[in-house]
Amino acid sequence: MENYCPRPHHQHLIPSPIDGPVLPSLQKNMEQPINVGLAGFGISATVFHAPFFETMPQYNLVSVLERSKEGSKKKYPWVKIVRSIESM
């Protein structure tokens, strides 16, 4: 029952060596973390998105789009603050 999923549309997923299922085409690329950037740092990014990316070894939080503030730097000092989506 290791590969069991109650949702039939998830049956194409296979277990990942890291943590959880991934698409077979992505399996070979999971050794290196995926660099991600957040488009905004509002309440959702503050309490859900940024903490998720910070704690998951599969992801590397590298930039945050903030038009005028730098609130993300307080909690994530290593991130690059960008002022436009093109800068990401």
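Mentor: Before we begin, note that two residues count as being in contact when heavy atoms of theirs lie within 4.5 Å, and that the structure above is a predicted model.

Trainee: Which residues does E70 touch, not counting residues up to four places away in sequence?

Mentor: E70 sits in the loop between β4 (59–65) and α3 (71–75). One residue to look at is I81, which is 11 residues from E70 in sequence and 7.0 Å from it in space, C-alpha to C-alpha. Once residues up to four places away in sequence are set aside, the residues that E70 touches are I81 and R83.

Trainee: What is the length of the polar contact that joins the side chains of E70 and R83?

Mentor: R83 is one of the residues that E70 touches when residues up to four places away in sequence are not counted. The side chains of E70 and R83 are also joined by a polar contact, and its length is 3.1 Å.

Trainee: Does E70 count as buried, partly exposed or exposed, and what about S63?

Mentor: Buried means under 20% relative accessible area and exposed means over 50%, with partly exposed in between. S63, which lies in strand β4, has a relative accessibility of 8%, and therefore S63 counts as buried. E70, in the loop that follows β4, has a relative accessibility of 43%, so E70 counts as partly exposed.

Trainee: Which residues is S63 in contact with, leaving aside its neighbours within four places in sequence?

Mentor: S63 belongs to strand β4, and the question leaves aside its neighbours within four places in sequence. With those set aside, the residues in contact with S63 are V36, G37, L38, V79, K80 and M88.

Trainee: Which element gives the most residues to the largest nonpolar core?

Mentor: In soluble globular proteins, nonpolar side chains tend to be buried together. Here the largest nonpolar core has 11 residues in all, namely V36, L38, F41, A45, A50, F53, L61, V64, Y76, V79 and I81. At least two residues of this core come from each of β3 (34–39), α2 (43–55) and β4. The element that gives the most, with 3 residues, is α2.

Trainee: What pattern does the protein chain follow when read along the sequence?

Mentor: The protein chain has 88 residues, of which 25% count as buried. In the protein chain there are 3 helices and 5 strands. Read along the sequence, these elements follow the pattern β-β-α-β-α-β-α-β.

Terms used. Residues numbered from 1 in each chain as written. Predicted model: local features only at pLDDT ≥ 70, side-chain atom pairs only at ≥ 80, totals over all residues. Heavy atoms only, no water. Helix = DSSP H or I, 4+ residues; strand = E, 2+ residues; numbered from the N terminus. Buried < 20%, exposed > 50% of the residue type's maximum accessible area, 1.4 Å probe, protein only. Polar contact = N/O pair within 3.5 Å; in protein donor to acceptor, adjacent residues only side chain to side chain. Core = buried A, V, L, I, M, F, W, Y, C linked by side-chain atoms within 4.5 Å.
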